[in-house]
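Please open the model in your viewer and keep the sequence panel beside it. The tour below moves from one selection to the next and says what is to be found at each stop.

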Amino acid sequence: MAASGSSSKSHAFQAPRGTRDFFPPDMAVRRHLEECWRHTSTHWGFQEIEGPTFEHLDLYTVKSGPGIVSELFSFERSGGDTTYALRAEFTPTLARMAVAKGNSLPVPTKWFSIPCLFRAERPQRGRLREHVQWNVDILGLADPSADAELISVAVAALDRLGLDPSQVQVKYSHRDVVARLLSGLGVPEEKLPTAFELLDRRDKMPPEVFTEKAVALGLDESGVQRFDELAHARTEPGVDPSTLGDLSSDDLEQLVATHRSLVDHGIADWCHVDLGIVRGLAYYTGTVFEIHETSGKERAIAGGGRYDHLVELFGGPSMPACGFGMGDVVLSLVLQDHGLITPDTLMPQPDVFVVCADDGAADQLIPICTRLRAAGLHARRSYKSTRNVGKLLKEAGQHRARAAVILGGELQEGIVAVKDLAAGTQHDVSLADLETTILDMLASP
Ligand code: HAM
């Protein structure tokens, strides 16, 4: 009788749209970025935190803005009545965690995290449904030097990855400055959030749609033109914002304060003012910034800014805050565009590769590998059974090992051959001296 309920048909499953499988070379790239992020944040005095991968849906609907809310993956537990959402960004989780600690948090509190985030976006170049995002945040400091410190942490990581200011630029602005300029054009107070949204999305729509939406804000023809000019107003890298012209002294003061601090941090040439930057998320309150490749080919590498009211809005004390998020997807594309990632060279490289070219020595292969690992060496072995030493050494080369240990007939006398694969030299070594020989070889240039 045929078994019921079981099917002999096989299914060709694929990863969900907009997600990635990470094979070893992909994982090597991901770890390379994460190590750079972790190293940079730690050296700048930030401490690592983590939160849950899903939150109550309401956490995002309160203040993240319609952009994120429309991209949530939300769900209910089977039989439950609570709605959750996969985390689409980390800032609401961080604000919730800050509320939980309340006034006991030291000032400043400097946190970083490297969460996986989920957004139900239309997958496209630079935008996926799951990405890894480095978040760096400072709580408790209202001074523009905190914004500049964050920007300089982001720049330090990009510099460490091999990028320079001719390849990437930080575009910064200030929401109050843009709000005052928009009010001056005649945009009513209640339409400012819509105007911010339009500015944020202006490059994603045809010019006639931008004009139509600008008219809907109450702007006449010349107002639309000035709005468009505002969207494109920027300084040259490193140049003092006073060159922008047409700004009130209050507006200038806010931009100049950030500029001065960027000069103090030694990164002014990585940055320029761009009044078209307002950011899509609704909680930002002051300085905002995005990091872009200068060719304009890729989407934003990072984005952030000040969100002085979010912790209080979530029920915590009044606490100024600022931060940014840098995603792995666009950053990887930018590094690839500039030839700065080669997955093969990022894969872990063994110190030593042990091969056995004599059946009589085979039983010593595992104990010798174990000894080498106990000495702190990254040791791999061949699983091939052959006397062809050339073939075995080729395999050691494919693993990019620095040294090969060849076990042969001389092992009975306590002798093995050690080959320096970089120099091409080979010596017989007493088994008792094996670890020190290899450690010395690795220490030599
Ligand atoms: P965001 O601009 O939404 O900001 O994201 C920051 C960065 O994450 C983007 O510049 C981009 O590199 C990457 N990113 C965002 N969405 C995707 C996606 N669907 N696929 C691939 N990469 C993506 C925030 O999330 C803020 N919460 C950042 C922040 C931290 N603000 C203050 N603290």
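What follows is a walk through a predicted model, with a selection to make at each stop.

**The ligand and its shell**

Begin by selecting the ligand together with the residues around it: there are 25 of these, and Glu89, Thr91, Glu121, Arg279 and Tyr284 come nearest. Colouring this shell by class will show 10 nonpolar, 9 polar and 6 charged residues. If you display the strands as well, you will find that β7 (130-139), β11 (302-306) and β12 (321-327) each supply at least two residues of the shell.

Next, look at individual atom pairs. A polar side-chain atom of Thr91 lies 2.7 Å from a nitrogen atom of the ligand, and a polar side-chain atom of Tyr284 likewise lies 2.7 Å from a ligand nitrogen. At Ala300 it is a backbone N or O atom that should be picked, lying 3.0 Å from an oxygen atom of the ligand. How much of the ligand's area does the protein bury? Taken alone the ligand exposes 660 Å², and the protein buries 96% of that.

**Arg279 and two other backbone stops**

Stay with Arg279, one of the residues that come nearest to the ligand, and turn to its backbone. Arg279 is found in the loop between β9 (271-273) and β10 (287-293), and its phi is near 80°, a positive value in a residue other than glycine. Arg279 counts as buried because its relative accessibility is 12%, which is to be set against the cut-off of under 20%.

Most residues other than glycine have a negative phi, and most peptide bonds are trans. With that in mind, select Arg400, in the loop between α15 (389-398) and β15 (403-407), where phi is near 60° and again positive in a residue other than glycine. Arg400 has 26% relative accessibility and therefore counts as partly exposed. Then move to the loop between α4 (91-101) and β5 (109-113), where Pro108 lies; the peptide bond joining Val107 and Pro108 is cis, with omega about -5°.

**The nonpolar cores**

Now hide the ligand and display the largest nonpolar core, which has 66 residues; those with the most contacts inside it are Trp37, Trp134, Leu182, Phe227, Ile291, Met326 and Leu331. Helix α5 (residues 144-160) gives this core its largest share, 9 residues. Apart from this core lies another, of 26 residues, among them Tyr60, Ala88, Trp111 and Val288.

Within the largest core, centre the view on Trp134. Beyond its neighbours within four places in sequence, Trp134 is in contact with a set of residues that includes Trp37, Phe112, Ile114, Val153, Ala157, Phe324 and Met326. Polar residues can be picked out in the set too, including Thr40, Ser41 and Ser113.

**Glu34 on helix α1**

Select Glu34, in helix α1 (residues 24-43). Is this residue buried or exposed? Glu34 counts as buried, because its relative accessibility is 8%. A polar contact of 2.3 Å joins its side chain to that of Arg31, while the contacts of Glu34 beyond four places in sequence are with Ile114 and Val132.

**Two buried loop residues**

Pro241 is the next selection, placed in the loop between α9 (221-231) and α10 (249-264). Its relative accessibility is 0%, so Pro241 counts as buried. Leaving aside sequence neighbours within four places, Pro241 is in contact with Tyr172, Thr235, Leu252, Leu255, Val256, His259 and Val273. A distance drawn from Pro241 to Asp274 will read 9.7 Å, C-alpha to C-alpha, for residues that are 33 apart in sequence.

From there go to Gln167, in the loop between α5 and β8 (168-174), which counts as buried because its relative accessibility is 16%. Not counting residues up to four places away in sequence, Gln167 touches Gly162, His292, Glu293, Thr294 and His338.

**Val429 on strand β17**

Finish at Val429, in strand β17 (residues 425-430), where 8% relative accessibility means that the residue counts as buried. With residues up to four places away in sequence left out, Val429 touches Gly414, Ile415, Val416, Val418, Leu434 and Thr437. To end, draw a line from Val429 to Tyr84: the two are 345 residues apart in sequence and 63 Å apart in space, C-alpha to C-alpha.

Key: Residues numbered from 1 in each chain as written. Predicted model: local features only at pLDDT ≥ 70, side-chain atom pairs only at ≥ 80, totals over all residues. Heavy atoms only, no water. Core = buried A, V, L, I, M, F, W, Y, C linked by side-chain atoms within 4.5 Å. Buried < 20%, exposed > 50% of the residue type's maximum accessible area, 1.4 Å probe, protein only. Helix = DSSP H or I, 4+ residues; strand = E, 2+ residues; numbered from the N terminus. Contact = heavy atoms within 4.5 Å. Near = heavy atom within 4 Å. Polar contact = N/O pair within 3.5 Å; in protein donor to acceptor, adjacent residues only side chain to side chain. Areas by Shrake-Rupley, 256 points an atom, 1.4 Å probe, with all protein chains shown as cover.
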